[in-house]
Amino acid sequence: MRRRAIALAMACTLGAALGGAAMGCEGRPRSSTSASTSRGPAVDTVVEIDLSRGAPESAPASLFGPTRGRTHPELVQAIRSTRGKATTKGFFVKLGTANQGLARAAEIGRLLGEIRKEGKPVVCHADDLNNGSLMLASMGCDKIWVSPAGGVESVGIAAELIFANRLLQKLNVEVDFLQVGKFKGAMEPFTRDSASPEARQSVEGALRGLRAAWLDNIAKGRGKPEIADLAEDGPFSPEEAKAKGLIDAVGYLDEARDDVKKTAKTDELTVRFGSGGGKEPMSRGLVDVLRALAGPGGTGEPHVAVVPATGAIAMGGAPASPLGGSDGITERELGKVIARLTADKATKAVVLRIDSPGGSALASDLIWKRLMKLRADKPLVISVGGMAASGGYYLACAGTKIIAEPTSIVGSIGVVTGKLAVGKALAEFGVTTESVPAATDPQKAARATYMSPFQGWDDPTKQKVLASMQSVYDLFLRRISEGRGVPVEKIAESAEGRIFGGVEAKDRGLVDQLGGLTDAIALARELGHLPEDAPVELVGESSGLIDLLGGPEGPEENDEARSEAMAQSARRAATDALLPQMGALVPEVTSFVSSMAPLVSGERTLAAMPYGLMVR
């Protein structure tokens, strides 16, 4: 507390020196977004929601803390805090060309659709509509505009699986991958050129559920059952899409804005999410900096805490990807957040928002233990975004209740392990390696190179590894059984690596309820015995500059661990600042590679999606 107070005082002095901005220093500012304290427009206005740059589950932190006003939880809060105001006369949604994930698009569309039912106009404009944004607009908008040179690229849903077998063969790389669960398909991206019948069956089953929900949402949103037969027949030009009833108007952004203003009978428009939201006084930006400097901590008012858990799961520093970027779920950082919320008497319930393909089995189990301890003290509601797969579901099963969208991917209950041995590949370029074991017994000598990146596994080693994996798999099933209160035998029916859409996951008892983050927050308030308008605190894993300066807190942290955490924070900040985010081009591949990254750092058992699943 003392270092935060010092930092806040320093920031306030800086604000005063910059001129008149120190007003944000009167009392401790709230550390996160709260529905009960959002500032509403003073006059009749149309609220603009800018989704042209998307609304990811979480945003990477910079030196001055997490990016604000860009994430899906903040978008949900922005819509909820403005929809009920008497001065809000309508909504304008700017979609641009952003590709909205199906799960997030469904929830946004549902929230906007509720506003439509209240009689307030909701108008959307897109430069291009794709599968996700078409569903969002169909569900949420009274009128859909598309730019004249744009289009509607609704072309149905498919998954693409990537296989690198022939490349690895050409490079002479030895592949050793093992799996528990016949549907897991762990070795297939490295040892096959196409999916096995079992892996293909699992993916097809999940996609059928996603497709049914996608088409149903579009058809019901537009109020035209026949639209379901057209939605997969794109791409369409704007004029053709209008003629077929997929959209309502063709025109530019300013024309669509004028249209909603006319319908809402007001000339005022206020941006409440996305670019343009910074039209508030400049001092507000400094207040955000102060909040980042001061770190997490509420006002003591009873509230629901929302915690994003996004990306691959790892033990220590954020799981790095060769494609760039360093976001993810870490046992160290998320564990600290969970411990703090468990001890915080003002936090009456917690919503954990998960979008993860899994990763380290060890980290998943350690986080599960912390979540179960939290759940014993207060309600823990899990909200599944795009995916809670393998390790992601390992965390989810600790929830008091689990809520997922029909378009979420759930399951992949299984474990994988493996390595790529490059010794033979290096030999092709004249680089050779030689192992000198201490043991004289051939089998023990072979076992000594178990961790070697140059030599593959012999058959006895594979059998030993597989036995240890079976132990972790059995533990995974027991954890789910304990968390869900369901016999292991029942869980096993949905295990072995199979994946499911949200609807089938609910039918199988892996999920309790269909819905989004809004529904999870409402349930958390109910279970926490809070009023319907109780505050909601958005809690991030990183507090910004203060954590970088002061390191982690808690009795379990010694000076060495604190120094290492500071070094990791510094490296992460430098990486985020200097390296291009190549992985953003293909986020599913980045997520897949990151979930496999613990193998590089020495771990041998993963609870992770065994392939990069790109759903389009």
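**Note on the predicted model: cores, links and backbone details**

1. The largest nonpolar core has 69 residues, and the residues with the most contacts inside it are Ile49, Leu51, Leu95, Leu129, Val152 and Val351. The element that gives the most to this core is helix H7 (residues 197-222), with 8 residues. Apart from it lies another core of 52 residues, which includes Ala309, Leu341, Ile354 and Leu371. The model is a predicted one, and local features in it were considered where pLDDT is at least 70.

2. As a picture of how one of these core residues is placed, Ile49 touches Leu75, Ile79, Phe91, Phe92, Val93, Lys94 and Phe273, when residues up to four places away in sequence are not counted. Two of these partners, Leu75 and Ile79, are among the buried residues of H2.

3. For the chain as a whole, the model shows 23 helices and 24 strands, and 53% of the 616 residues count as buried. Among contacts with a separation of 6 or more, 77% are between residues 24 or more positions apart. The accessible surface comes to about 26,300 Å², and carbon and sulfur atoms account for 54% of that area.

4. Helix H2 (residues 72-83) has 12 residues and reaches 16 Å from its first C-alpha to its last, close to the 16 Å expected at 1.5 Å a residue. This helix is mostly covered, with 11 of its 12 residues buried; among them are His72, Pro73, Glu74, Val76, Gln77 and Arg83.

5. Glu107, in helix H3 (residues 102-117), is a charged residue to look at when inspecting the model, and its relative accessible area is 1%, so Glu107 counts as buried. Leaving aside neighbours within four places in sequence, Glu107 is in contact with His72, Val76, Arg353, Glu405, Gly516, Leu517 and Thr518. Of these partners, His72 and Val76 are buried residues of H2.

6. Which cysteines form a disulfide? The count comes to 1 disulfide, and the pair is Cys124 and Cys141, with their sulfur atoms 1.7 Å apart. Cys124 lies in strand E5 (residues 122-129) and Cys141 in the loop between helix H4 (131-140) and strand E6 (143-152), so the link ties together parts that are 17 residues apart in sequence. Both ends are covered: Cys124 is buried, with a relative accessible area of 0%, and Cys141 counts as buried at 1%. Another cysteine, Cys397, also counts as buried, at 0% relative accessibility.

7. The structure holds 1 aromatic pair. The rings of Tyr394 and Phe476 have their centres 4.5 Å apart and their planes at 20°, and because planes under 30 degrees apart count as stacked, the pair is described as stacked. Tyr394 lies in helix H14 (residues 391-396) and Phe476 in helix H17 (residues 459-484), so the pair ties together parts that are 82 residues apart in sequence. Tyr394 and Phe476 are both buried.

8. The 13 residues of helix H12 (residues 331-343) should span 18 Å at 1.5 Å a residue, and the end C-alpha atoms are 18 Å apart, which agrees. The buried residues of H12 are Glu331, Glu333, Leu334, Gly335, Val337, Ile338, Leu341 and Thr342. What covers them includes strand E11 (303-310), strand E12 (313-314), strand E13 (329-330), strand E14 (347-356) and helix H13 (361-377).

9. How is Ala309 placed relative to H12, and what does Ala309 contact? Ala309 is in strand E11 and is buried, with a relative accessible area of 0%. Ala309 and Leu334 are 25 residues apart in sequence and 7.8 Å apart in space, C-alpha to C-alpha. Leaving aside neighbours within four places in sequence, Ala309 is in contact with Ile329, Leu334, Leu352, Arg353, Ile354 and Asp355. Arg353 also appears among the contacts of Glu107.

10. Three backbone details deserve a look. The peptide bond from Gly234 to Pro235 is cis, with omega near 0°, and Pro235 is in the loop between helix H8 (227-230) and helix H9 (238-243). Lys265, a residue other than glycine, has a positive phi near 60°; Lys265 lies in the loop between helix H10 (253-264) and strand E10 (269-273) and counts as exposed at 75% relative accessibility. Glu496 has a positive phi of about 60° although not a glycine; Glu496 lies in the loop between helix H18 (488-492) and strand E20 (499-501) and is partly exposed, with a relative accessible area of 30%.

Key:
Residues numbered from 1 in each chain as written. Predicted model: local features only at pLDDT ≥ 70, side-chain atom pairs only at ≥ 80, totals over all residues. Heavy atoms only, no water. Helix = DSSP H or I, 4+ residues; strand = E, 2+ residues; numbered from the N terminus. Buried < 20%, exposed > 50% of the residue type's maximum accessible area, 1.4 Å probe, protein only. Contact = heavy atoms within 4.5 Å. Areas by Shrake-Rupley, 256 points an atom, 1.4 Å probe, with all protein chains shown as cover. Core = buried A, V, L, I, M, F, W, Y, C linked by side-chain atoms within 4.5 Å. Disulfide = S-S within 2.5 Å. Phe/Tyr/Trp six-rings, centres within 6.5 Å; stacked < 30°, edge-to-face > 60°. Expected span 1.5 Å × (residues − 1).
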